[in-house]
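Q: Please take a close look at how the charged side chains are placed in this protein, and at what surrounds them. Start with whatever terms are needed to follow the answer.

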Amino acid sequence: MDATNNEVAVRDVPLLDLKRLDPELEAELQDAFTRVLKSGYFILGPEVEALEEACASYCGAEHAIGVSSGTDALLVALMALGIGAGDEVICPSFTFFATAGCISRTGARPVFVDVLETSFNCDPEDIERKITSRTKAIIPVHLYGRCADMDPILELAGRHGIHVIEDAAQAIGAEYNGRRAGSMGELGCFSFFPTKNLGACGDGGLVTCNDAELAEKIRVLRVHGGSPKYHHGVIGGNFRLDALQAALIRPRLRRLDASSLRRAENAAAYTSLLEAAGLASGPNPPLRLPEASPSRHIYNQYTLRCEDGATREALREFLAANTVASEIYYPIPLHLQGCFSSLGGEKGDLPISEKLAGEVLSIPIFGELEEEEVRYVADRVEAFFKES
Ligand SMILES: *Cc1c(COP(=O)(O)O)cnc(C)c1O
């Protein structure tokens, strides 16, 4: 199909369109809504328990605790491990803000490490360099739906007696050497924010773990530390998940593998189209494509890299003018964020994170994209480089 035909067929390619609901799913969501409305049971309860059971089994973890958001999953995980003032927690600089924001909120100090260009994830060698006697935990992030290199991280953590909390907010169902995201560290944190592969119709999150005692601690922290009710041995928060969100997530969980597979197919199509266009080969290619992952990648994002920030901005504008949405995840590495300036981070400290922040551009990848939309997006990316 040539560009002209594509332009006629495709009007507007959003980054994500949550209104594209298959009718069967829509009917199940309507049923779930009605069921919860009629039950009169709106917070925690049997709907949340059913979701927890299904997610534990899906993630290959023994326990799962539904919480109010991915952010709260991280916060309550850190609280359950007793992390606070005087402690250091290592996390990548190239991630969503919540990863580090939660560390600071416990009173601990985020210690930022660089990432690898090939995977966008934590560089285990940089982690090793930044471990001190105050390091209590490492939070590897499985960015864009691809697992971090967990074996060396787990080995380091074991050797130094440090906790590992997986930030799997973008990675439900992703795998690393046959193990699922959220089943490898002591705790796994997930988000049901609507843009994630498994989204709610609002906020929601989940913590997974394999330790019954830790799971119980999180359940108690989830309700202000009350156990039994109105007896507070510890200070928790309101980290409860709504029954309605739990009920609305389950029909999507049943379709998650199919939907993540469609994302991977879209990714494979982009890769083959952009490679065939000659944009990603040679010594100095104008475009770098996400590297194939050795294990199951769930493509929460498909992220291109341009040569520099100016090219990325021009590509972004060109795509917008051609009705293709794109987004920069994330434009500023966390060690350079204003709120962390007191930690002393400076430009040049984490060169790969800084470089990626200037180069990355994510293009539409969601499961409901039509094949012709994928071809159109690839065609417009090609047109940008051939015409400019
Ligand atoms: C989305 C996300 C979070 C936070 O999840 P919310 O549900 O939005 O609070 C944390 N970490 C990463 C890497 C995320 O992508």
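A: Helices (H or I, at least four residues) and strands (E, at least two) are DSSP runs, numbered from the N terminus. By that rule V207 belongs to strand β9, residues 205-209. The model is predicted, with residues numbered from 1 along each chain as its sequence is written, and with local features needing pLDDT of at least 70, side-chain atom pairs pLDDT 80 or more, and totals for chains, interfaces and linings using all residues. Side-chain values rest on heavy atoms, without hydrogens or water.

V207 has 0% relative accessibility and counts as buried (under 20% relative accessible area; exposed is over 50%, partly exposed in between; 1.4 Å probe, protein chains only). Its C-alpha atom is 5.1 Å from that of I65, although V207 and I65 are 142 residues apart along the chain.

Now the charged pairs. The whole structure holds 27 salt bridges (a side-chain nitrogen of Lys or Arg within 4 Å of a carboxyl oxygen of Asp or Glu). One of them joins E373 to R20, with 2.8 Å between the closest N and O atoms. This pair ties together distant parts of the chain, 353 residues apart: E373 sits in helix α13, while R20 is in the loop between α1 (3-9) and α2 (23-39). E373 is buried, at 7% relative accessibility, whereas R20 is partly exposed, with a relative accessible area of 23%.

R222 and E52 form another salt bridge, their closest N and O atoms lying 2.9 Å apart. Here too the partners come from distant parts of the chain: R222 is in helix α8 and E52 in helix α3 (residues 46-59), 170 residues apart. R222 is buried at 8% relative accessible area, and E52 is buried at 5% relative accessibility.

A local case is E382 with K386, a salt bridge of 3.2 Å from N to O. Because E382 and K386 are 4 residues apart in helix α13, about one helical turn separates them. E382 is partly exposed at 25%; K386 is exposed at 53%. Elsewhere, D17, K19, R20 and E373 are joined into one network by salt bridges that share partners.

Helix α13 also takes part in the largest nonpolar core, which has 42 residues; F94, Y270, L274, L287, Y302 and V381 touch the most other members (such a core is a set of buried Ala, Val, Leu, Ile, Met, Phe, Trp, Tyr and Cys residues joined through side-chain atoms within 4.5 Å). Elements giving two or more residues to this core include α10 (256-276), β11 (302-306) and α13 (371-387). The most come from α13, with 8 residues.

On the surface, E62, E186, D211 and E213 gather in a patch of negative charge (Asp and Glu count as negative, Lys and Arg as positive, His and chain ends not at all; each charge is placed at CG of Asp, CD of Glu, NZ of Lys or CZ of Arg). Patch residues have over 30% relative accessible area and no salt bridge, with like charges joined within 9 Å and nonpolar side chains (Val, Leu, Ile, Met, Phe, Trp, Tyr) within 5 Å. E213 lies in helix α8 (residues 212-222) and is exposed at 65% relative accessible area.

A nonpolar surface patch of about 380 Å² consists of F33, L37, F42 and I43 (areas by the Shrake-Rupley method with a 1.4 Å probe; for residues, only the protein chains shown count as cover). L37 is part of helix α2 and is exposed, with a relative accessible area of 53%.
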